[in-house]
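Hi,

Here is the structure I promised to pass on to you. Have a look at it first, and my notes on what turned up follow underneath.

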Amino acid sequence: MIFSSRFIFLISFLLLFFYSGTSFSKTDSTHFSADYKIYFYNPESNINNFRSLKTAFDLYLSQFGAFQFQPFEQKKAFEKMLQSVPYGIFLLSSWQYKTLISQKNLTPVLIAVVDGKSVQKKVLIIKSLQPTFEMLKGKTVATSGDEAYSRNLLQEMFPQQPVSALSTIKLIFVPTDINALISLHYGMARAALSSESSFKKLQRINPKLSKQLSILGKSQQKLRTLVVVKQKGLALQEKIINVLLNMGKTKQGKEKLRLLGIDEWRPLNLLEHKQLIFGEEGVP
Amino acid sequence: MKRYNLIFIFILSLLPLHRAVAIHEKILIINSNAQILKYQRAQQAIEKKDIYEITLIDLANNKWSDKTINSHIQQTDVIYCIGSLAYQFVVQQNIDKPMVYSDIINSRRLPYRKNTYGIATELPAGMSLHMYRYIFPSLKKLGILYNPNQNQEWIHEATKTAKDIGYDIISQAITDDDHLEHSLPALFAKVDALWIISDSSIASQKNVANAFSQSKIMEKPIFSYDPFYIKLGALLVISADKPAISRQVTYLIDEILRGQIPHQKTSAPAISTHIILNMKALEQYPHLEFNSKSLDTINHIIE
């Protein structure tokens with residue numbers, strides 16, 4: 001099989017151009033701008049509220065300097081950005097941070113707090129009063145998280161189950177935990193992944209439905225969303241971290257944080273740092 | 001020269017060749033009118049998946065002869081109908097191929113067809129009610145105007161779910177426009193908010209204007225199902241999330257292609273919400289308790 005060199009170059013160029021073009025399609029070219037950026041991706045939610053998030057945060061941050069908020073819809077694009085920019089601030093889940101921990105220049109500095117807690121548990125709720133794992137095989141689980149995150153949770157909840165059994169579970173993606181839980185009422189899913197606090201919310205909203213549901217699986221305590229700095233030490237970063245830290249102290253700032261589902265930020269303590277490095281074990 | 005060959009082969013090996021081998025299942029999309037934006041988006045959501053061999057028939061485009069359409073229907077594994085015209089078209093063909101549909105308002109009125117599964121365009125009443133309770137926890141009484149010929153069953157279901165959540169639904173059957181005009185003040189007096197549902201009783205411009213004018217006079221908010229009402233001053237709009245409907249459709253198609261009979265009924269409800277909150281309107285109701293922790297479930301905030 002012999003090709004002329006010109007032909008090979010032409011074909012190679014076209015192929016690379018085409019495929020690099022498609023894989024970058026969800027990546028924003030915003031890192032070329034002079035503004036300092038805060039990048040955000042949440043694998044725990046499928047809600048498309050990016051426009052509102054961007055407007056609200058840009059407006060809030062503009063009081064303090066040339067800062068911009070950049071939410072991401074896709075994990076791949078977010079991580080590509082994280083790798084390509086020389087510096088920046090990233091709001092990401094602790095689960096995602098652990099998958100990126102090999103990048104030495106990422107430093108977690110703040111953690112999200114909700115109702116005074118920086119941790120949460122995820123639960124798998126099923127509409128049955130005598131739940132067993134067998135009930136999930138080949139069935140659908142509704143989740144507000146992305147695929148990788150949700151599959152990881154299922155694996156963690158059922159460590160004794162073989163991958164072959166877990167992979168029979170189908171996922172259906174919905175925007176919020178409440179949507180996932182209510183889908184059980186309509187028989188659209190066999191089970192729902194949710195945070196423990198969302199399940200408690202449903203118990204308050206609809207006690208009758210809640211009485212038909214049981215917890216089939218529980219995750220370990222998970223640290224909440226982190227503020228992670230890439231290339232620590234720049235003066236502007238200190239400024240923006242202070243802005244984030246103070247958000248929970250004003251009515252206006254609090255309102256913006258609620259869009260992310262959190263009450264406030266605070267610095268990570270030693271135990272939380274340890275947990276990020278060594279895993280959940282041994283953490284209360 | 002050999003080196004160039006190696007480079008070429010290396011680049012070829014980087015390409016996602018699985019696309020070429022995975023595409024073998026045939027989907028026939030019949031679109032009622034591909035010029036209509038919502039139908040166009042529904043179609044694109046399936047095309048974007050890039051794993052099926054798709055043939056598209058746009059019924060608004062006259063280039064298709066009955067013979068060609070029939071031949072496509074014969075060859076396909078699943079038919080996906082977008083909009084009610086497409087659905088009715090396939091029913092007339094009298095061919096036993098599995099069919100999935102979306103974007104049909106009030107699909108229960110359509111003629112029954114075997115081997116047919118669809119996702120409703122509307123949210124079930126219970127989904128909206130749960131969200132109302134979460135966002136505005138202190139509301140107790142919701143008013144609804146409806147045409148009994150159209151929504152009697154829906155009202156029955158809504159009232160039942162509302163009871164579980166601790167709501168009283170005060171529904172008012174409407175027989176004509178005059179009736180509505182006279183009923184509005186009395187209904188507003190009895191409820192904490194008016195819920196405009198998809199119903200012909202309140203569809204006319206005059207009736208809608210009347211409802212919003214009464215809402216202002218009585219200082220009671222309006223909730224609705226269509227973003228159009230936000231412009232008129234509705235406080236909250238909860239509709240079905242369109243991308244999520246497309247995901248449900250894809251899921252159904254996948255199930256059928258895997259040879260599984262979907263567990264759902266002929267028409268399954270949309271289960272994902274798209275919520276618009278009108279913050280400007282919220283300021284007009286200082287006594288209404290708003291759960292600011294619900295903000296992370298809102299897709300769009302009007303400020």
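Arg266(A) is partly exposed, with a relative accessible area of 27%. In this predicted model, Arg266(A) makes a salt bridge to Glu272(A), with 2.7 Å between the closest N and O atoms. Glu272(A), on the other hand, is buried, because its relative accessible area is 5%, and the cut-off for buried is under 20%. There is also a network held together by salt bridges with shared partners: Asp115(A), Arg258(A), Asp263(A) and Lys293(B) belong to it.

Two further salt bridges in chain A are worth a look. In one, Lys54(A) pairs with Asp58(A), again with the closest N and O atoms 2.7 Å apart. Both residues sit in helix H2 (residues 50–61) of chain A, 4 residues apart, or about one turn of the helix. An α-helix has 3.6 residues a turn, so residues three or four places apart point the same way. Lys54(A) is partly exposed at 23% relative accessible area, while Asp58(A) counts as buried at 19%.

In the other, the side chains of Glu156(A) and Lys222(A) meet at 2.4 Å, N to O. This pair ties together distant parts of the chain, 66 residues apart: Glu156(A) is in helix H5 (residues 147–157) of chain A and Lys222(A) is in strand S11 (residues 222–223) of chain A. Glu156(A) is partly exposed, with a relative accessible area of 22%, whereas Lys222(A) is buried at 8%. Over all chains, the count comes to 16 salt bridges.

Still on chain A, there is a nonpolar patch on the surface made of Ile101(A), Ile277(A) and Phe278(A), which together have about 330 Å² of accessible area. Phe278(A) belongs to helix H12 (residues 270–278) of chain A and counts as exposed because its relative accessibility is 62%, and the cut-off for exposed is over 50%. For contrast, try Leu181(A) in helix H7 (residues 177–185) of chain A: Leu181(A) is buried, at 0% relative accessibility. Its C-alpha atom is 31 Å from that of Phe69(A), and the two residues are 112 apart along the chain.

Now for chain B. It has 12 helices and 13 strands, and 50% of its 303 residues count as buried. Its C-alpha atoms fill a box of roughly 85 × 50 × 35 Å along the principal axes. The domain assignment splits chain B into domain 1 (2–104) and domain 2 (125–240 + 273–302), and the C-alpha centres of these domains lie 39 Å apart.

If you zoom in on helix H6 (residues 125–135) of chain B, you'll find that 11 of its 11 residues are buried; among them are His130(B) and Arg133(B).

Strands S6 (residues 141–146) and S7 (residues 168–173) of chain B run parallel, paired over 6 bridges. Between them the chain passes through helix H7 (residues 148–165) of chain B, and this β-α-β crossover is right-handed. Ile144(B) is opposite Ser171(B) in S7(B).

Finally, strand S12 (residues 273–278) of chain B is mostly covered, with 5 of its 6 residues buried. S12(B) pairs with strand S10 (residues 236–240) of chain B in the antiparallel sense over 5 bridges, and Leu236(B) has Leu277(B) as its bridge partner there. S12(B) also pairs with strand S13 (residues 300–302) of chain B, this time in the parallel sense over 3 bridges, with Asn278(B) partnered by Ile302(B).

Cheers

Conventions:
Residues are numbered from 1 along each chain as its sequence is written. Chains are lettered from A and ligands numbered from 1 in the order in which they are written. This is a predicted model: local features need pLDDT of at least 70, side-chain atom pairs count only at pLDDT 80 or more; totals for chains, interfaces and linings use all residues. Side-chain values use heavy atoms; hydrogens and water are left out. Two strands pair if DSSP finds at least two bridges between them. Helices (H or I, at least four residues) and strands (E, at least two) are DSSP runs, numbered from the N terminus. A crossover is right-handed if, with the strands pointing away from the viewer, the path from the first strand over the helix to the second runs clockwise. Patches are made of residues with over 30% relative accessible area and no salt bridge: like charges are joined within 9 Å, nonpolar side chains (Val, Leu, Ile, Met, Phe, Trp, Tyr) within 5 Å. Accessible areas come from the Shrake-Rupley method with a 1.4 Å probe; for residues, only the protein chains shown count as cover. A salt bridge is a side-chain nitrogen of Lys or Arg within 4 Å of a carboxyl oxygen of Asp or Glu. Buried means under 20% relative accessible area, exposed over 50%, partly exposed in between (1.4 Å probe, protein chains only). Domain bounds come from an automatic or database domain assignment.
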